[in-house]
Amino acid sequence: MSDDPMVEEFFSEVNDKYYPQVMEGLELLEGGEVAQGVEILSRPLHTIKGVTGFMPGFEPASHFTHKIEDFLKKVQSGDVEPAQENLTLLSRGINMIFQVLEQLRDDTVDEEEQEEVLALIIEASASRQVGTETVGAGVEVAVRDTVTIIRVRDRRVHLEGHYKPIISAVLGVEPGDKILLDLSQVLTFGSTAWATVASMGTTFKVAACALSPAAKQTFYAWGFDATIAVYPDEDTYFSIQ
């Protein structure tokens, strides 16, 4: 891809214009000037997202940049607290945009680190939304092949305190993206919990796997299969995507 004049022109812009702007913004973040840093960072990120979306072979960079830009907006709006750990995660994600660009140009893409960062961003986004309650204690979030996997750790999911971490994790995902609920550790999953998850099916592409007999019985008895697809296990889900 490096022989393409469009690609070379884009990388020239990146090196001469966008990267210096990003470095300026990151320095402001590190210096505690969050609002000004975010303002400066938003422009080059938005441009990189847009341009790479129209460059054949660079679409993954556009997708990744969009996720980072969304996290940046959440920090700007206050939906994500501008705590040091969140700003460090934001900086890591922004720096990784340039790594992804170089990897795509060299055809040496490493998706593992990207997925790790995106999973951390989802958890950070979910943490703010549940305030001072037990944040994310009932779930573990991972990303595989652009699918967000929410692994439910509570053995029984019935009360609001059980399923609220699931909903918070879902809300940390970009609308329209794919979500897989891994219920392999869950014994029972109440109808109210299912109804709450199913209500989000119009915004998110939600599927579930590894349902216990009891969870499956409740699921089908209430007709939630009209909204949520079910698979025997995670590998089966990914084998048909």
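**Note on aromatic contacts, cores and backbone in the predicted model**

1. Arg144 lies over the face of Phe238, at 4.0 Å from the ring centre. The structure is a predicted model, and the remarks below should be read accordingly. Phe238 also belongs to a core of 9 residues, whose members include Ile149, Cys209 and Ala210.

2. A second arginine placed over a ring is Arg105, which sits over the face of Phe11 with a distance of 4.0 Å to the ring centre. Phe11 has 2% relative accessibility and therefore counts as buried. Phe10, at 5% relative accessibility, counts as buried too.

3. The aromatic pairs number 8 in total. One of them joins Phe10 and Phe11: the ring centres are 5.6 Å apart and the planes stand at 80 degrees, so the pair is edge-to-face. The pair formed by Tyr231 and Tyr237 is likewise edge-to-face, because its planes meet at 85 degrees, with 5.1 Å between the centres; planes over 60 degrees apart are classed in this way. Both Tyr231 and Tyr237 are buried.

4. Phe189, Trp194, Phe219 and Tyr220 make up one aromatic cluster. Two of these names, Phe189 and Trp194, recur among the residues with the most contacts inside the largest nonpolar core, together with Ile68, Leu101 and Ile166.

5. That largest core comprises 68 residues. Helix H4, spanning residues 84-106, is its main contributor, supplying 10 residues. Ile166 illustrates the packing: leaving aside residues up to four places away in sequence, Ile166 touches Val139, Ile150, Val152, Val157, Leu181, Phe189 and Val197. The 9-residue core that includes Phe238 lies apart from this one.

6. The backbone merits attention at two positions. Most residues other than glycine have a negative phi. Asp145, however, is not a glycine and has a positive phi of about 50 degrees. Asp145 is located in the loop between strand S1 (139-144) and strand S2 (147-152). With 45% relative accessibility, Asp145 counts as partly exposed, because that class runs between 20% and 50%.

7. Where does the other residue, Ala210, lie? Ala210 is in the loop that runs between strand S6 (205-209) and helix H8 (213-221). Its phi is also positive, near 60 degrees, in a residue other than glycine. Ala210 is at the same time a member of the 9-residue core, along with Ile149, Cys209 and Phe238 among others.

Terms used. Residues numbered from 1 in each chain as written. Predicted model: local features only at pLDDT ≥ 70, side-chain atom pairs only at ≥ 80, totals over all residues. Heavy atoms only, no water. Helix = DSSP H or I, 4+ residues; strand = E, 2+ residues; numbered from the N terminus. Buried < 20%, exposed > 50% of the residue type's maximum accessible area, 1.4 Å probe, protein only. Phe/Tyr/Trp six-rings, centres within 6.5 Å; stacked < 30°, edge-to-face > 60°. Lys NZ or Arg CZ within 6 Å of the ring centre and 35° of its normal. Core = buried A, V, L, I, M, F, W, Y, C linked by side-chain atoms within 4.5 Å. Contact = heavy atoms within 4.5 Å.
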